[in-house]
Each structure stands twice: as C-alpha cells, then as structure tokens.
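Subject: Structure handover and findings

Hello,

As agreed, I am passing the structure on to you. The sequence and coordinates come first, and my notes follow.

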Number of protein chains: 6
Amino acid sequence: MRPSGRDLSEMRPVSIETGVTKHAEGSCMIRVGDTHVLCTATIEDRVPPFIKGSGLGWVTAEYGMLPRSTTSRMRREASAGKQGGRTVEIQRLIGRSLRAGVDRVALGERQITVDCDVIQADGGTRCAAITGGWVALRLAVNKLMKAGDVMSDPLVDPVAAVSCGLYAGQPVLDLDYPEDSEAGTDGNFIMTQSGRLIEVQMSAEGSTFSRDQMNTLLDLAEKGIGELAAKQLEAAGA
Amino acid sequence: MRPSGRDLSEMRPVSIETGVTKHAEGSCMIRVGDTHVLCTATIEDRVPPFIKGSGLGWVTAEYGMLPRSTTSRMRREASAGKQGGRTVEIQRLIGRSLRAGVDRVALGERQITVDCDVIQADGGTRCAAITGGWVALRLAVNKLMKAGDVMSDPLVDPVAAVSCGLYAGQPVLDLDYPEDSEAGTDGNFIMTQSGRLIEVQMSAEGSTFSRDQMNTLLDLAEKGIGELAAKQLEAAGA
Amino acid sequence: MRPSGRDLSEMRPVSIETGVTKHAEGSCMIRVGDTHVLCTATIEDRVPPFIKGSGLGWVTAEYGMLPRSTTSRMRREASAGKQGGRTVEIQRLIGRSLRAGVDRVALGERQITVDCDVIQADGGTRCAAITGGWVALRLAVNKLMKAGDVMSDPLVDPVAAVSCGLYAGQPVLDLDYPEDSEAGTDGNFIMTQSGRLIEVQMSAEGSTFSRDQMNTLLDLAEKGIGELAAKQLEAAGA
Amino acid sequence: MRPSGRDLSEMRPVSIETGVTKHAEGSCMIRVGDTHVLCTATIEDRVPPFIKGSGLGWVTAEYGMLPRSTTSRMRREASAGKQGGRTVEIQRLIGRSLRAGVDRVALGERQITVDCDVIQADGGTRCAAITGGWVALRLAVNKLMKAGDVMSDPLVDPVAAVSCGLYAGQPVLDLDYPEDSEAGTDGNFIMTQSGRLIEVQMSAEGSTFSRDQMNTLLDLAEKGIGELAAKQLEAAGA
Amino acid sequence: MRPSGRDLSEMRPVSIETGVTKHAEGSCMIRVGDTHVLCTATIEDRVPPFIKGSGLGWVTAEYGMLPRSTTSRMRREASAGKQGGRTVEIQRLIGRSLRAGVDRVALGERQITVDCDVIQADGGTRCAAITGGWVALRLAVNKLMKAGDVMSDPLVDPVAAVSCGLYAGQPVLDLDYPEDSEAGTDGNFIMTQSGRLIEVQMSAEGSTFSRDQMNTLLDLAEKGIGELAAKQLEAAGA
Amino acid sequence: MRPSGRDLSEMRPVSIETGVTKHAEGSCMIRVGDTHVLCTATIEDRVPPFIKGSGLGWVTAEYGMLPRSTTSRMRREASAGKQGGRTVEIQRLIGRSLRAGVDRVALGERQITVDCDVIQADGGTRCAAITGGWVALRLAVNKLMKAGDVMSDPLVDPVAAVSCGLYAGQPVLDLDYPEDSEAGTDGNFIMTQSGRLIEVQMSAEGSTFSRDQMNTLLDLAEKGIGELAAKQLEAAGA
C-alpha cells in the first residue's frame, strides 16, 4: 500500500557514516533512504551574549538545502538574500531538540554549532538532521572529553527524531516524499533513547485528527526512535 | 500556587470585542488576561500563484508585536529590516491553523489575510492570535455570505488555541508570562470546538516529558478550547 | 462644503486616553476623528553614541501603521524588509518636533523613545502622532520626576501638530482623508502651546500657493494647536 | 558677522554649466559656492504603474552624495545596503518640487528622472539640487520639443530653491555649512520665478521661532529665488 | 620543498565520481586532494530575459561553501543575508568559463545552471568547481542529446581549470591551502583540452611578477589542464 | 579600422586634473577619452580589525557609477539595496592593485580609502579608476610625508592599468565602449611603471585565444602603461 512497498511500521534503511570532513570536530553523513544530510559540529570558545559568564554551554544549529537537493531546483537562499521561513523554523527546532539532551553545566562555557546541510532530499530532512546532528555532536563532545576539557559527559541520552503521519488513512512510520506530500496529518517526534519526549509537532492542513490517531502515531514513533538510537550509538562507537 | 492565584485548570478572563477598526472586513480585539491582540481580516480577490485558476481559496496570516507591547522595548522589525525567526514561525502556525478549519472549495478563489498585532503581551500571544483571528475571519466570511459572494459556509467548526504546560511540576492551563518563562515543558494546542486536533506543538528545552504528562496537558487543553469556542461564537454573534 | 459637514475652522472631535498599556512608562491612545494612534514612551538609560558622556538627554521616535489601518491593506513593512520613505520621513519629523520642546540638560543623559503606531487611519496621522506622542512623553517624564531621577521639568511647553490645507479652494483646518487626498496644498504645523513655531511643512504638488494663503493656513493652525494643547494638558492631568 | 563675510542677504556665487555629460538628455553642474551638484535628466517612455494609460507624464528624482563630498568620508549608501532617511527625504522633496512646475498633460505619458549627485558639499545641497535639477529637466524637455515629441511647453515657470535661517540670531540668506551647522532655525524655500510657493520647510531643533521671523526669512528667500531663476534661464539659453 | 612533498609540477590526486545525486540532470563529486566540490547541472526551459526569443542557450553557475568546509567555521551566507564579494566573483568566473566552451546555438533556447558547492576546502576550490562543473554540464547535455532535444553537440572541447603560483620563489602547479596562503603570486588558468585559453587571472598582492615568471606558470598550467581533461572525459564516459 | 579611427596601438587622449574636491586628502579627475572618473583618497587612523596592532597600513577602494554615466540609465545601487557583482569585483581589483604598489610598513598603521566614481563611461572604467586612483593615493601620501607622519615613501613605483583586446580579430590597445562590447577577448593589465606585472585578467566569452595572442596583448599593454605612468607622475607633480 505504501509507494515504497514498506510495511506501515517499517523505516527506510538508515546508515550513518562518520568522519566525512577533515575540518569539523565531529561529522557524519546520515542517509535515511534517499534523504542524505551532512552534519558537522563545530566547537567554539565563545558563547552567545545572554549566557556570557554563566558557566553554561550552548548548542545551536543551522540548516540548509543544496539548491538541487530537490526534484526541481530551489533558489539558493544566500542569493535570495535571506533564509526562508521553513529554514528558520527547522533550524530552531534542531537547536532546541539537541539542547534538550545536553547537560549545559557539564558542557561548560563553550558553544557547539551543528550544521545540517541536505545533499539529497526525499522527505524527513529535519528528522534526519536531528538524528545525524546528535551523532556529530557526540563525536565533538568525545573530542572535548578526550582532551580533558570536559570532565563529566554532557550527553546522557541519545536524541533522535522521526516523522509519522496518516497516509491514505493509515498510520505510517517514517514518511518519504511521496507520502509526505499526500499525508493528511503528519508529525515530527523528537525523543530520547529512553523514551522521554522532547518535542512533538503534529499538524493537519485541511483535515483534522483525533487523540486516538495521535496516540497511534506516537506508538509508531517510539518504535522508530528505538531503531535510530541504536544506529546512532553504533555510529558513534559507543 | 500559580503566581496569579488561578486554579490549575482555570483560564484567564477572556473578552472578544468586535468591529474595532472601520476599514477591515472583519476585526476584533481579543483580551486573554493582560494579553491583547488586534486581529483584522482582509478579503482580496487575488490568490497566491500556486493555486491560481484552481477555484480554491486561501487563508494566510501575519503576526507582529508593537515595540512596547513587552516589558522592555523590543526593536521594531520593520526597522531591523526583517521579521525574526519567532515571528515567522508564529505567523506560519496561525495561517496553517486557520486554514485547517476552512472549506477552501466553498470559500472560492479569493484570499483572506488575517493580521494579528500584539498590543500588549503577557504570555500566550500566538494562541490569542489564533482564537481572535478566527473571529475576524468569521466576520469577514459573514460579509461575503451576506453579499452572496459565497454560497455555503466555508467555516464549519470554530478553531481556537490554548497553551498548557508544566509549571513547578504541575500541569496548568493557559500560561501567563511569569509561568511561561519558568515552565519546563509547554505546549500549544489548536483544536476545533468539536474536539478535533489541528496542531499540537509540545516542546521541552532542558527537560523532557512523558506520554502521561502529555495526555494530562491535552485534557486541560480540551477544557480551555471549549471555553474559548463559546466566547468566539458569542462574539461573532452566532 | 466639507465632506464631513464641518466648518472650515472646525477640528474633528479629539480624545486622548492615557495608560492604555501596562508596560510603557507613558502611553496614550489619541483619537482625532477616525484617526487613532497608539503612543508609548520608553525610558532607557543608554543614549546614542554621539552624545555619550555629554550629560544631555535624547528623545527619538518611531512610526508605523498596522497593515489594515488603511482602506485597503498595506504591505507590512517588517515583511517588505524595510521602512518606506514616507515612514522614515514621518518618524524623523516626530522626533525633531518633540525634541524641540525638551530641555535636554534637564532631562539628563537618558533616552526616551516614543513609538507611534497607527491603529486606524483617516488623514493626519503624523499630526496625531506628535500630539499624542507628547502626552506619552509627558507621562514618562512625570514618572522620572516623581522618582527623583529628574529635578527640574524638561518639558516646558506642550508641543502639538495639526494639518491645514486648501480644499476646493478654501482654507480648512484638520484635513481628514477625503480632504487630504484632494487638497491642492497642504501643510503640517507643529507649534508649542504658547504659539512658537517648531516646524512648518507646506507642500503643493501640481499647484502652487501664495504667501497670503500661507498666512491664512497659519492662522487656522494656531487655532487648532490651542485646542489640542488644552486636550493634552487635560489628559496628562496637568 | 557671517563666517564667509557675506552680507545677510547675499547669496554665494552661483554658476550653472550645462552639457556636462554626453549621455544624458539634459545635464548641468551647478555650483553654489563650494557646493557642487551634478544633475542629469533621463527621458524614458515608461511611466510608473499608477499612471499607466492616463496620458499623464511623471517627473521623479534621485539624490546621492559621493562618499568624500563631505569633510569626513561618509559610508557609501550602496555598500551600506540602503539609502539613509535623509537621502530618501531629500529625493522625495526634489521630485515633488519639480513636479509642481510641470504641466503633466503637456509632458505626455513619459517619465523624466532627475539624478542629483553631490560632488562637493558645503551646505544647501538639496536646494542646489532642485535649482540645477530644473535646468537639466529644462534641457531634456527642449530636446523633446525640438523632436516634436511634445507640442506645448510643459515647463511654464522656473522652479528654484534656497535655504534661509537664523544664524547667531540674524536672518541670513543661503546658509553655507558653517552657518547651517550652527543655525537655530533653518528653512528650505522652493518657489517659482513668479513668486508662487511650492514647498516651505522650516524646522527648529532645540529652539523655536516666531511668525515674524518666518516672514523675514520668506522675504530673503524671495530675493534669492529671483537671482537663481535668472541664472537658470541664462544657463538654459532661454 | 612543498608542504605536501609533491614535485613542483605534480598535481594532487584527482577523482571525479558521477551520478552522486538522484535529482539533478548531471552531477559529480570532484576531489582534488582534500578539496571536494559537489557539482550539479539543472536544465530549465526558461532563459534570462536578455536572450528570450534569440534561440540561444545560456549556461550560468552558482557557488557556495558549506560553513564548515573550512578550517574554522565560516558564517553561512544565507544567514548573513548576502553572498560575499569572493563568492560573487567566483560564480561569475565559473559561468563565464563554462559558457566559453558551449556552442549556444546548438544548445538551443534553454538554460543550464551549474551549482558548485564546496563540501571540504583545501585550496583551489574555484578551479575544482570549473573542472567538475564541466562534467556535470556534459552529463546533462548527454541527457538532452539522448532525448533528441539537442541535435549537434554544443560541448566541443572540455573546459578545465587549475591554479599555479610562486611558492617560496618557486613555480608550482595546483596550490593547496598551505601553499595558497603563502604564495606571493598566484593565478587561475582556465583552458580547453586543446590548449586554447579561456581565462587567465594572475594576481600579486604585495609583490609583483615578471613576464618570464608568468610564462613559466602558463607552462605548468598547460600540463595540469591536460591531466584534468583526461579525467573529465573518463568520468563522463566519453 | 577602429570605430574611433585610432591606430591599433594608440591610446585615447589622457588627462589627469588634480585637486578637484576641497575635502579629500588627495583627488583627481582622470579622463581617458570619454571615460571620466573622479578619484578621491581619504586617510583615516583606524585600520581593519585583522591588522590592528600590526603596525602595517591598509589601502582599500570603492567603485561606483553615477546612474546616468552610461548610455541608458542604470539603477542606482544604493536604491537597489546592494552593490552588484560587477561593482564588487571591480572594487576588489582596484584595492588589490593599489596595495601591490604600497610598502605597508612604511605607510604605518593607517588606512587610505580610494573612492572611484564614474562620472561618464565609455569603456575601460576600471583601468581609469586604478590609474587615477593611484594619483589620488600619491597626493594623499604626499600630505602625510609633508606633515612628517610618514618618513620613507611607501609608494615606490607608479601603478597603472590599461585594457587590450582582440577587436575584429586585431589586437588593440585601450578599448573604448564600441570596441569593448564587440571584442572576442579582452584583458585588463595592471603594471608598475618599471614593467612588473601586478594583475592580469584575460577573459574570452564565447571564443578562446592562444598564448601568442596573449603575448601580443601584453606587448600593447606595456606600451600603454608607459604612457599612463608618465601622465601620472606629471599630474602628481613628481
């Protein structure tokens, strides 16, 4: 029934390749089906003004899509002169989600910027960005710990994200682009490996949904997050 | 226990005053406690390029805050030269939420723009904007129906929004600013009067939450939405 | 002869409601006929770089129109990405006019920003903004004096503004929108209650005017300013 | 008493050199003392959208200052990414003033853009721009008339501009930069050769002025305009 | 003598992997040592306004660097709100260079946009972008020819680019970042496989160079271009 | 054969008039045929952040064209809101070229900004800007030396620029606009009087060129630079 032939609760194949750029403190290419996102983590000693002197660390994120990561070419945001609303929304989400899994006291007064650049898009780019972004962050933090710059691990519980939605009336896990563009309701679920919720964003444009449907999608999401967290830990060598 | 002395499941006083500007096709000032938002609806015959010729209508929204609607003065976005990320996120949410309650075939090929401008802010401005925005939309659509430009009512079920969150560990309904700035988890719930969900946005920065807690907040939200929808219908003279 | 039926030298009804937002140090809603402008005054301890350390104070102003304050919806300047030429011109005029009535030594090294936001427009918004802006400024200064932060009153003489013009060949006081859009010549007159001139801006697009006509308009303006100043003092509780 | 040693009612030396660039339909370099402004007029067949099809012509203006036209270098507006408030104000004034002297029916549906670029500034640049701009406009219109594209002369009465002000308490004509930066009150007066008023802008920052003082400045302005108009006609070969 | 241990006239290892994204009409990842650039070619039926109706085709290019493609993180241009001067210069160079190798009549009235995004930078990114960009262009044109949309091949002679410079006084081929940042003189040479010159850009900041030195660098460039062109043809399957 | 009737190796008449604005530390109007560029040099005590405290000086340049310096009016960049790609490219070239002729240690920690504004364009504006810019720089440095602020002369060798190209298949010196717009290949050559190369930019859009042709153009350029340098020294009174 799904265009890809997957079962309702079956994720696309997921791979996470680390160490893909030589400059970044942490990096990976995450591939969730045909969605490929390059994630890098950059450590800097400066923090945003509003926490200067607090001793707390900060994690922030930026998101972009290469112009031809999509079916038809999108205008390059740098040339358009600003980031679109969707971009801004997504990068704020990535930043908030990753921060929720960070012990900012343990991190110490430094900033880690996670850049997520979509190389090829086929639905679910923001979820792949969060999942891969956590791996890049994990690797950068490992470097800090190895160097003795950070004493206790600020990353206690992996953070991953997956989308679920109602496609042709059925609850499905991990929507690809053909499903995403048809789904009546879809949601992004960001959770920790241990099953705690970080962010839930469910949205219905043109149709509404019930609490029962919402709960079914949450069940699917929990299954997907479990699988993603295992991949994250494996990739990060933990 | 709440700074305002309210019960955990008690909303702030809500009033919706209609007809507050003489130019707009629909308008109201919604006051949810000390949060005051001016909402206007503008009908235009043109639609966005991507639906031109489709026969479908469009509803969109813009959001702004007066510079001194807040405790300390914010920089005016027009003078800063762009809308901030938060503004963009909120106005996209308002537009999506209102569209979910609109029969776009019945509306016909025209656009209604709902402007939500915060005159005074005390928490929950996006929810007030959606709730008041629907009333402005309702009044504008009434005008179309009275003029015979629209035959069957494109607004079947009122759309309202409320925030709930965990404040000092307790689930509370309709967070005001002192609560909002302290809450571990908070969510915005957009629903129809009939209890269908349109958008759920729950977010935890620095702490996570469980599915049980999520369900408790949804229960509170349903109560609040019921009260808001009654106010909306009363204000719109339905 | 006037569309509104007013006498040539008759102003529209004027009301000034103070204390309209709880956050600002001074605020009022001024209504001149159907022109409604919300004015707030914000006190800050910082001053612009060019007077830092001089001991002098500064008063500045910003102006905006809500998108649907006008007959047809205007594009939101924050979304257009810049303030238009008319906006810039008006807010510079408001700032200059208010500063002319301020003893900047007595004010001391602090800045007061007066925000004037047009809620509903029907001609004469810049004049209403100056007149209402002075009241907001007055209230904010009162707060400084009460707190002992300012010793001698920096506001010696109320500042008000009114427009006059030649409508259908006749000199008229306080043009509303239907008159303003037809007037051959129109002018904005900013004066103190005591009759001193602060700014005179007379302009003829497509037709010219004589010194005699100019003097007649000034006579009308003096009458209007007198009435406005009385309203200002009454509103400010002086 | 004046820094330059001029009499109170004495203008700086004025010269207007025409034909200074080979591309423009009309051009001149106006020199009012050490203030030098290059003015060019460009004829185009298109008109702004709001008068398309009306048969009426349009005259508009743009103003700029070379970065080192001033005592200390100013930032280039093209590099700053926008025209400053003062620039916008001035170019709107130039456009309005020139249009007031144009019979737009006689001009026919075409646009003339007058560019005024300050090569060297020493006070009074906007007035020099209007006075020189009219000459460039005159020459461009001559070309249209010679070619038979325009039948009756759309420029009936020369338009010129001069500043006057109160310097050290004395009314003076044609302020140069040292006077301008000290003047309590200063005004820009745009008139036709025949003595009709087009625009009066008087402004007092920090001090106010009386109607008597205003009238004295107007007398001075009339004298200056007469002298400027003679120079304009001589330069334009009329 | 070179930091990398290469001979003076030795290029870094070059690989060109094609078909790296599923959406683009042509794509490759070019790796010149540690410089990795992703190149995609997009075919569109529209052309820029200035050649509409001419029957001629157009090839244009855009260039970007991922924020962490460099040793320390660069600010994302989309977030800075504009493309920097270096970016603009480079993408204009890429476009001009590729166009020089295109028979625009044979291409027909369509546009091909070549996007070059630097994934990892280690000197010579603009040269790698041109060399890889030509391969992406080649693949896209192959698709047009296979589909019968283009009859005679518009790409007659491969276009490649290489940098040469004076490093520690010695002429070297294909500068990497450590060399580039120290070089007194460096140049970018764009040529066809057949040895014709398309663009020569030699630049000396702080030191100058002689015609003899220039000729030596050109000799080196010819050698490098020959090697690159062989790789291009091999990758494109020609 | 050339539209102007010049010999292949004949430059247009060149004149350099110095002291053309009273404010700048150095200034000249350079006229190369009908191309007229106003060049000013501004000395400032501050330097860019990246050399603060190094003791080294900096020379930078900005370039602009008056809107009607060209055959048809160009949009004013300040009003367009940004400098175009061509402008950015040219001003970077001017800055680099002038810096190559400066002993930055001798200059001391100060910045000289050279503004080059095209008053009238007829081809070769960037070359005229560099040649005239060097004269303005020379005059400003003379002022520093006279004042004893600089001890040893930081300008050892004049820097000049000229364009050459293949017009109708023939190598020609100093292209004017009619030649420039037709030339198959054209180049800009920046050299010192002593014949050292600073920058070579040769470009072929649509046709390619050989090394022999390149050498012929370099020969022409050397001739032109010699003539220009003589004019520079004469103008600067050296």
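The notes below cover the chain interfaces, the record annotations and two chain pairs without contact.

Please keep in mind throughout that this is a predicted model.

Chains A and B

The interface between chain B and chain A involves 31 residues of chain B and 31 residues of chain A. Together the two chains bury about 3000 Å², and carbon and sulfur atoms account for 45% of that area.

On the polar side, the interface of chain B and chain A has 6 salt bridges. One of them links the side chains of A:Arg211 and B:Asp219, with an N to O distance of 2.6 Å. Polar contacts between chain B and chain A come to 20 residue pairs, counting pairs with both residues at pLDDT 80 or more. On chain B, the elements that each supply at least two residues to the side touching chain A are α2 (85-100), β9 (197-204) and α6 (211-235). Sorted by class, that side of chain B consists of 11 nonpolar, 9 polar and 11 charged residues.

Strand pairing also crosses this interface. Strand β9 of chain A, residues 197-204, pairs with β9(B) in the antiparallel sense, over 5 bridges. Within this pairing, A:Ser203 is opposite B:Glu199.

Chains C and D

For chain C and chain D, the contact count is 31 residues of chain C with 31 residues of chain D. The buried area is about 3000 Å², with 45% of it from carbon and sulfur atoms.

Between chain C and chain D there are 6 salt bridges. Among them is the one between C:Asp219 and D:Arg211, where the closest N and O atoms are 2.7 Å apart. The rule for polar contacts gives 20 residue pairs across the interface of chain C and chain D, again with both residues at pLDDT 80 or more. The side of chain C that touches chain D draws at least two residues from each of α2 (85-100), β9 (197-204) and α6 (211-235) of chain C. That side of chain C contains 11 nonpolar, 9 polar and 11 charged residues.

Here too there is a strand pairing: β9(C) and strand β9 of chain D (residues 197-204) run antiparallel and are joined by 5 bridges. C:Val200 has D:Met202 in β9(D) as its bridge partner.

Annotations on chain A

Two UniProt annotations on chain A, both from an unreviewed entry, may be useful to you. The one named "binding site" covers A:Arg86, A:Gly124, A:Thr125 and A:Arg126. These residues are spread over 41 residues of sequence but cluster in space, with a largest C-alpha distance of 13.3 Å. Of this group, A:Arg86 sits in helix α2 of chain A, residues 85-100.

The other annotation in the UniProt record is "domain: Exoribonuclease phosphorolytic", which covers residues 10-140 and 157-224 of chain A. Over residues 10-140, chain A is 31% helix and 31% strand, and the C-alpha atoms at the two ends are 31 Å apart.

Pairs without contact

Which chains do not touch chain E? Chain B has no contact with chain E, and the closest C-alpha atoms of the two lie 10 Å apart. Chain C does not touch chain E either, with the nearest C-alpha atoms 12 Å apart.

Regards

Key
Residues numbered from 1 in each chain as written. Chains lettered and ligands numbered in written order. Predicted model: local features only at pLDDT ≥ 70, side-chain atom pairs only at ≥ 80, totals over all residues. Heavy atoms only, no water. Contact = heavy atoms within 4.5 Å. Buried area = accessible area lost by both parts, 1.4 Å probe. Salt bridge = Lys/Arg side-chain N within 4 Å of Asp/Glu carboxyl O. Polar contact = N/O pair within 3.5 Å; in protein donor to acceptor, adjacent residues only side chain to side chain. Helix = DSSP H or I, 4+ residues; strand = E, 2+ residues; numbered from the N terminus. Nonpolar A, V, L, I, M, F, W, Y, C, P; charged D, E, K, R; others polar. Pairing = 2+ DSSP bridges. UniProt positions renumbered as here; feature names shortened; annotations may be inferred.
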